[in-house]
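Colleague: I am new to this structure and would like to understand the terms used to describe it. Could we go through them one at a time?

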Amino acid sequence: MKSDESLKRKNNKTKQKVSLVLSGGGARGIAHIGAIEVIEEMGFEIASIAGTSMGAVVAGVYALGQMEEYKQWLCSLDKLKVFSLVDFSFSSHGLVRGDKLFNITKQFILDANIEDLDIPFAAVAADIINRKEVVFTSGSVFDAVRASIAIPTIFTPVKTADGGLLVDGGIINNIPINHVTRVPGDILIVIDVNADVPVDKPVIAENETVAKQSVYQKKIKSFFGQLQGILPSNHAESRLGYFDVINKTLSLMTYHNTQLALEKHSPDMIINISRLSCSGYDFFKAEQMVELGRSAAIKSIEAYKKRGALIAKLT
């Protein structure tokens with residue numbers, strides 16, 4: 001049975017078609033949800049979608065027609081035992097297996113094969129053994145997303161039948177413009193949640209934000225308490241410093257890869273979310289990031305429409 005979102009997309013025959021690409025960026029990727037809402041509200045139809053890491057997550061749930069359910073879950077995370085979802089791994093490949101998180105998600109998001117979706121979807125991962133990019137355009141959406149978000153040193157990688165190990169696609173292609181399916185008459189829109197632009201935070205009730213932050217800080221403290229219990233006590237501080245260096249290195253790598261991709265492919269529209277808007281793990285800021293995505297999308301679309309009106313006037 002088709003979801004309401006799927007049926008609504010099928011009825012949008014006369015709207016401007018969009019091929020949409022979503023970047024990775026951890027919790028900042030929640031902004032994709034708000035941006036997508038605005039894209040549809042302002043008269044566009046998303047005809048195909050591709051993403052990496054958190055961008056693959058949002059792209060996947062959108063293609064499944066279940067983005068609203070996912071949004072509601074994200075915005076309620078502060079009310080749940082967030083860190084009870086963290087299943088620690090003693091593997092040297094990563095701290096977290098991620099199975100608990102995906103099992104919870106499967107309770108309200110129904111998986112499907114990519115080839116059975118209403119619109120083309122692609123997710124990108126990187127095979128660090130065979131040294132190649134892996135693009136998922138068939139098979140389980142959940143399997144594709146799980147591979148795409150396997151952040152090195154954090155989530156354990158995904159093993160493949162040919163002996164490969166799949167990790168976060170952001171290390172090789174954080175904005176997979178070259179893998180989104182183009183359709184006749186479309187425009188190419190990229191949402192970059194790692195943009196080097198000033199933070200433009202939406203207005204949210206201060207008491208609400210403070211309350212959520214208080215809950216989150218308590219859980220963060222609990223999380224690092226568990227982490228220190230796993231790592232040898234005499235090396236805990238140096239190990240945490242090591243992970244921080246790795247994450248900053250990956251961030252720098254994906255940033256420069258992104259700039260090269262944008263220069264090469266020249267999207268019709270870029271919706272920029274500041275890389276300073278929140279950390280990659282600030283999932284308690286879901287509502288704020290959704291609103292930030294909405295605000296950025298409105299500005300970009302209005303600027304795009306003004307350029308189109310100016311070009312039409314000049315010609």
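**Reasons behind the terms**

Modeller: Let us begin with helix α3, where Met54, Gly55, Ala56, Val57, Val58, Ala59, Gly60, Val61, Tyr62 and Ala63 are buried. Please keep in mind that this is a predicted model.

Colleague: Why is α3 called largely enclosed by the rest of the structure?

Modeller: A residue is called buried when its relative accessible area is under 20%. In α3, 10 of the 10 residues are buried, so the helix is largely enclosed by the rest of the structure. Just after α3 comes Gly65, whose phi is positive, near 75 degrees.

Colleague: What makes α3 oblique to α4?

Modeller: The axes of α3 and α4 (residues 67-75) come within 7 Å and cross at roughly 130 degrees. Angles over 145 degrees count as roughly antiparallel and those from 65 to 115 as roughly perpendicular. The crossing angle falls in neither range, and therefore α3 is oblique to α4. On the α3 side the contact is made by Met54, Val57, Val58, Val61 and Tyr62, and on the α4 side by Met67, Tyr70 and Leu74.

Colleague: Which residues touch the most other members of the largest nonpolar core?

Modeller: They are Leu20, Ile49 and Phe121, in a core of 60 residues. Helix α3 gives the most to this core, with 8 residues. A second, separate core has 9 residues, including Val21, Ala50, Leu188 and Val190. In soluble globular proteins, nonpolar side chains tend to be buried together.

Colleague: What is Leu20 in contact with, leaving aside its neighbours within four places in sequence?

Modeller: Contact requires heavy atoms within 4.5 Å. With those neighbours left aside, Leu20 is in contact with Ile36, Ile39, Ile46, Ser48, Ile49, Ala50, Val180, Ile189 and Ile191.

Colleague: How do you know that helix α6 is mostly covered?

Modeller: Of the 8 residues of α6 (residues 141-148), 7 are buried. They are Val141, Phe142, Ala144, Val145, Arg146, Ala147 and Ser148.

Colleague: What makes Ser140 a cap of α6?

Modeller: A side-chain oxygen of Ser140 lies 3.1 Å from the backbone nitrogen of Phe142. A polar contact needs N or O atoms within 3.5 Å. The Ser140 pair meets that limit, and Ser140 caps the N-terminal end of the helix.

Colleague: Why is Arg131 called exposed?

Modeller: Exposed means over 50% relative accessible area. Arg131 has 78%, so the term applies. Arg131 is found in the loop between β4 (121-127) and β5 (132-136), and its phi is near 55 degrees, a positive value in a residue other than glycine.

Colleague: Why does Ser266 count as exposed?

Modeller: Its relative accessibility is 51%, and because the cut-off is over 50%, Ser266 counts as exposed. Ser266 has its place in the loop between α8 (236-265) and β10 (269-274). Its phi, near 45 degrees, is again a positive value in a residue other than glycine.

Colleague: Why is Tyr255 called partly exposed?

Modeller: Tyr255 has a relative accessibility of 24%. That value is neither under 20% nor over 50%, so Tyr255 counts as partly exposed. Tyr255 belongs to helix α8. Its contacts, apart from neighbours within four places in sequence, are Asn194 and Asp196.

Colleague: How many helices and strands are there in the chain?

Modeller: There are 9 helices and 10 strands. Of the 315 residues of the chain, 50% count as buried.

Conventions
Residues numbered from 1 in each chain as written. Predicted model: local features only at pLDDT ≥ 70, side-chain atom pairs only at ≥ 80, totals over all residues. Heavy atoms only, no water. Buried < 20%, exposed > 50% of the residue type's maximum accessible area, 1.4 Å probe, protein only. Helix = DSSP H or I, 4+ residues; strand = E, 2+ residues; numbered from the N terminus. Polar contact = N/O pair within 3.5 Å; in protein donor to acceptor, adjacent residues only side chain to side chain. Core = buried A, V, L, I, M, F, W, Y, C linked by side-chain atoms within 4.5 Å. Axes fitted to C-alpha atoms, helices over the stretch in contact; angles between N-to-C directions. Parallel < 35°, antiparallel > 145°, perpendicular 65-115°, else oblique.
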